[in-house]
Every structure is written in structure tokens, then in C-alpha cells.
Amino acid sequence: MRVTRVFKWILRFIFNTALALLFCLALVLLIPRFFGIAPYVVLSGSMEPRISTGSLVFADTREREPEIGDVITYQVDGQNVTHRVVRTENGACITKGDANTQEDLIPVSPSQIIGRVIFTLPYLGFGVALLRRKVVFSAMVLLAVLSSLLNYAYSPGKELNKQNKNQKREESL
């Protein structure tokens, strides 16, 4: 009986922790969007050491006119790239990754710029990239539903209510 109670508590703790982490991640990803800030995952080490691989960068999409030295996120051939502006040429930005020895070959036109990076969260991008996979996302939703069901099914108050009802029945007889 005691082992079952401990096992239930451990299961509840694990599921509730996973649910809380998912909720926090959702808040980190969704709330900034209300202020024109979009999160992007950094997939390469071209901006190391300032921005490490797997970081989550937040770009202010309202700031599309970067200055020299700003880190921007932009699109090239459907891919998002985060690099530093090193100079401008004919209205286009010339960018370079901090870890790269040479400037990027293709100038970035103003229409390609998504926004200026305003802050980063190291390594959180790995989790976001993982959750973008359908199987993993489905598993996490299932985990959240199971957590809610287990919380309801194994709530301590439910066991106490059963005991109290049984005691009241015995007393009334």
C-alpha cells in the first residue's frame, strides 16, 4: 500500500513537471509575438561564442533597418540566417557570422530582413526544434493529457473523500 502511494506521487510529480515545462515553453514562445518579437532557432555555430548552436534568438520584427554591428535574422532561399551586419553597400547589408573568417557572399536586401536580434536563450532552441517534429509534439500533447487525467484520478483529496464517506456511512448505521 505504501509503495503504491509513493509510486503515484512520483508519477504525479513527473507528469506535473513535464506539463509545467511545456506550459513555460509555450509562454516563452507565444507571449513575445504579441509585441512583434519572433523566436528563431540557431542551427549552426557561425555566431559562436556569442550565440551558440541550439540557441533560441528573439528578433524584433519591427526593427528592419539595422545598423553596423547589429545582429539580424534574415531569409535566404527559405532558410533563416542570424548574422552580424558588418557594413552596408548600395542599401543592402553585408553580414558575417562572428565565427566566420569571411563576409557572406550574398548581400542582404531590406526585404529579406526579418528583424534585429534583441536577446537569446542558449540551448532552448534544441527543445523547440524537437517539438517541431510531429511525433514528438503529439507525444507531448498526449503526455499533457495523461498528466491531467492522472492528476484527477489520483488526487489525494479523492481518497480522503472516500474514507470520510465510508466513516459517515458507518456512523449513520
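**Fold, cores and salt bridges of the predicted model**

In this predicted model, residues 24 or more positions apart account for 56% of the protein's contacts that have a separation of 6 or more. The secondary structure consists of 4 helices and 6 strands. Along the sequence these elements are arranged in the pattern α-β-β-β-β-β-β-α-α-α. Of the 173 residues in the protein, 29% are buried. The accessible surface amounts to about 11,800 Å², and carbon and sulfur atoms contribute 62% of this area.

Strand pairing was examined next. Strand S6, which spans residues 113–121, pairs with strand S2 (residues 56–60) in the antiparallel sense, and 5 bridges join the two. Within this pairing, Ala59 has Val117 of S6 as its bridge partner. S6 also pairs with strand S3 (residues 71–76), again in the antiparallel sense, over 3 bridges. Here Ile113 in S6 stands opposite Tyr74. A further antiparallel arrangement is found between S4 and S5, which are joined by 5 bridges. In this arrangement Glu89 lies opposite Ala92 in S5. The hairpin formed by S4 and S5 has 2 residues between the strands, and Asn90 adopts a positive phi near 55° in this hairpin.

Strand S5 is mostly covered, with 5 of its 5 residues buried. In a regular strand, side chains alternate between the two faces of the sheet. In S5, Ala92, Ile94 and Lys96 point one way, whereas Cys93 and Thr95 point the other way, and all of these residues are buried.

The nonpolar interior was then considered. The largest nonpolar core contains 10 residues, namely Ala38, Tyr40, Val42, Met47, Ile51, Val57, Ala59, Val71, Ile114 and Val117. Strand S1 (37–41), S2 and S6 are the elements that each give two or more residues to this core. Apart from this core lies another, of 9 residues, which include Leu22, Ile37, Val41 and Leu56. The bridge partners Ala59 and Val117 are both members of the largest core. Met47 belongs to the largest core as well. When neighbours within four places in sequence are left aside, Met47 is in contact with Val71, Thr82, His83, Arg84, Lys96, Gly97, Asp98 and Ala99. Among these contacts, Val71 is itself a member of the largest core, and Lys96 is one of the buried residues of S5.

Nonpolar residues also occur on the surface. Phe137, Val141, Leu142, Val145, Leu146 and Leu149 form a nonpolar patch there, with about 540 Å² of accessible area together. One member of the patch, Val141, is found in helix H3, which covers residues 134–153. Val141 has a relative accessible area of 40% and therefore counts as partly exposed, in a range that lies between the limits of 20% for buried and 50% for exposed residues.

Charged side chains were analysed last. Side chains of opposite charge can pair when their charged atoms come close. The count comes to 5 salt bridges. One of them joins Arg62 to Asp60, with the closest N and O atoms 3.0 Å apart. The partners are placed in contrasting surroundings: Arg62 is exposed because its relative accessibility is 57%, whereas Asp60 is buried, with a relative accessible area of 6%.

A second salt bridge is formed by the side chains of Asp98 and Arg84, at 2.9 Å from N to O. This pair links distant parts of the chain, 14 residues apart, with Asp98 in the loop between strand S5 (92–96) and S6 and Arg84 in strand S4 (residues 79–89). Asp98 has a relative accessible area of 28% and is therefore partly exposed. Both Asp98 and Arg84 are also among the residues in contact with Met47.

Arg87 and Glu89 form another salt bridge, in which the closest N and O atoms are 2.6 Å apart. Arg87 is partly exposed, with a relative accessible area of 32%, and Glu89 is likewise partly exposed, at 37%. Together with Glu103, Arg87 and Glu89 are linked in a network of salt bridges. Glu89 thus takes part in this network and also stands opposite Ala92 in S5.

Note on methods:
Residues numbered from 1 in each chain as written. Predicted model: local features only at pLDDT ≥ 70, side-chain atom pairs only at ≥ 80, totals over all residues. Heavy atoms only, no water. Buried < 20%, exposed > 50% of the residue type's maximum accessible area, 1.4 Å probe, protein only. Contact = heavy atoms within 4.5 Å. Areas by Shrake-Rupley, 256 points an atom, 1.4 Å probe, with all protein chains shown as cover. Pairing = 2+ DSSP bridges. Core = buried A, V, L, I, M, F, W, Y, C linked by side-chain atoms within 4.5 Å. Patch = residues over 30% accessible without salt bridge, like charges linked within 9 Å, V, L, I, M, F, W, Y side chains within 5 Å. Salt bridge = Lys/Arg side-chain N within 4 Å of Asp/Glu carboxyl O.
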